[in-house]
Amino acid sequence: MHPYFPEGIPLSGEKYVANDLGAVSLVLAFAVGCFLILGTSLVIACWVNPNLKTSDRALILWFTLCGMIHFFFEGYFVFNHTRMAAMTDFFGQLWKEYALSDSRYLFSDPFVLCMETWTTITWGPLSFLTAILITRDSPYRHPVQALVSTGQFYGCLLYYMTSLFDDFYSGKRFYRPGAYYFWFYFIFMNAFWIIIPALCLYSSIKATAKAFMVSKRLEVNGSSKKKR
């Protein structure tokens, strides 16, 4: 027997092996690892570009975190999805803990697998690229930032909608009963990939519009000077 819902659903792999690490231990270890990597990334970014604004420093941390999660953590799922229920290493136990709020990760749900595969091979590397472009104050920063943010926002929206559709339309729930798993794991922990990408996309749209306005103004001024 396993603790995932719907009850009795067959899981990927030959057998289910329960975690030997508790939820608090897993989350704390993951948080400490992220803190160390992000702290190092920020030091390097500030060394490369000491004039970074506070908002840009925050976005460098955000896109570095996204790159780590998309490429390594979600990539782990894509590579091991056929045997997730039996995995006992750190990432495997993290996924089994999270899957209490969405068991689709433990039976290779087609949508989740396709979404995570695309996320791993595109948004992961492009998130790292966005962090680099922000650090270097590249003119390509906003086009790439807008692309990644749009993909994250749309992907997370579909992720929510497909699960909630099954819940409310067909009565099939992939999360355990209790507010903790649904509201904290499923809703809250994924909401960052709705809110922050939306803000990044808005910022990039404003910056792009401003650039076009400046370019158009320069063209008009240049034409006026030629006529004189």
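Mentor: Relative accessible area sorts residues into three classes, buried being under 20%, exposed over 50% and partly exposed in between, with a 1.4 Å probe and protein chains only as cover. The structure is a predicted model, in which local features need pLDDT of at least 70 and side-chain atom pairs count only at pLDDT 80 or more, while totals for chains, interfaces and linings use all residues. Residues are numbered from 1 along each chain as its sequence is written, and side-chain values use heavy atoms, with hydrogens and water left out.

Trainee: Why does F188 count as partly exposed?

Mentor: The relative accessibility of F188 is 43%, and since partly exposed is the class between 20% and 50%, that is where F188 belongs. F188 is part of helix α6, and its C-alpha atom is separated by 34 Å from that of V48, 140 residues away along the chain.

Trainee: What makes the nonpolar surface patch of about 460 Å²?

Mentor: Its members are Y180, F184, F188, M189 and F192. A patch takes residues with over 30% relative accessible area and no salt bridge (a side-chain nitrogen of Lys or Arg within 4 Å of a carboxyl oxygen of Asp or Glu), joining nonpolar side chains (Val, Leu, Ile, Met, Phe, Trp, Tyr) within 5 Å and like charges within 9 Å. F192, which lies in helix α6 (residues 179-227), has 36% relative accessibility and therefore counts as partly exposed; that value is also over the 30% asked of a patch member.

Trainee: How do you know which helices and strands the protein has?

Mentor: They are read as DSSP runs, helices being H or I over at least four residues and strands E over at least two, numbered from the N terminus. On that basis the protein has six helices and zero strands.

Trainee: Why is α3 described as largely enclosed by the rest of the structure?

Mentor: Seven of its nine residues are buried, so the description follows from the count. The buried residues of α3 are G92, Q93, L94, W95, K96, E97 and Y98. Over the whole protein, buried residues make up 41% of the 228 residues.

Trainee: What makes up the largest nonpolar core, and which of its residues have the most contacts inside it?

Mentor: Such a core is a set of buried Ala, Val, Leu, Ile, Met, Phe, Trp, Tyr and Cys residues joined through side-chain atoms within 4.5 Å. The largest one has 50 residues, and F63, F77, M84, W95, Y98 and Y105 have the most contacts inside it. Helices α1 (23-48), α2 (54-80), α3 (90-98), α4 (110-135), α5 (141-170) and α6 each supply at least two of its residues, with the largest share, eleven residues, coming from α2. Taking contact as heavy atoms within 4.5 Å, F77 touches M84, W95, Y105, V112, L113 and E116, not counting residues up to four places away in sequence.

Trainee: What makes the backbone at S108 and D137 worth noting?

Mentor: Most residues other than glycine have a negative phi, and most peptide bonds are trans. S108, in the loop between α3 and α4, has a positive phi of about 50 degrees, and D137, in the loop between α4 and α5, has a phi near 55 degrees. S108 counts as partly exposed because its relative accessibility is 21%, whereas D137 is exposed, its 61% being over the 50% cut-off.

Trainee: Where is a cis peptide bond found?

Mentor: It joins F5 and P6, with omega about 0 degrees, and P6 lies in the segment before α1.

Note on methods: Areas by Shrake-Rupley, 256 points an atom, 1.4 Å probe, with all protein chains shown as cover.
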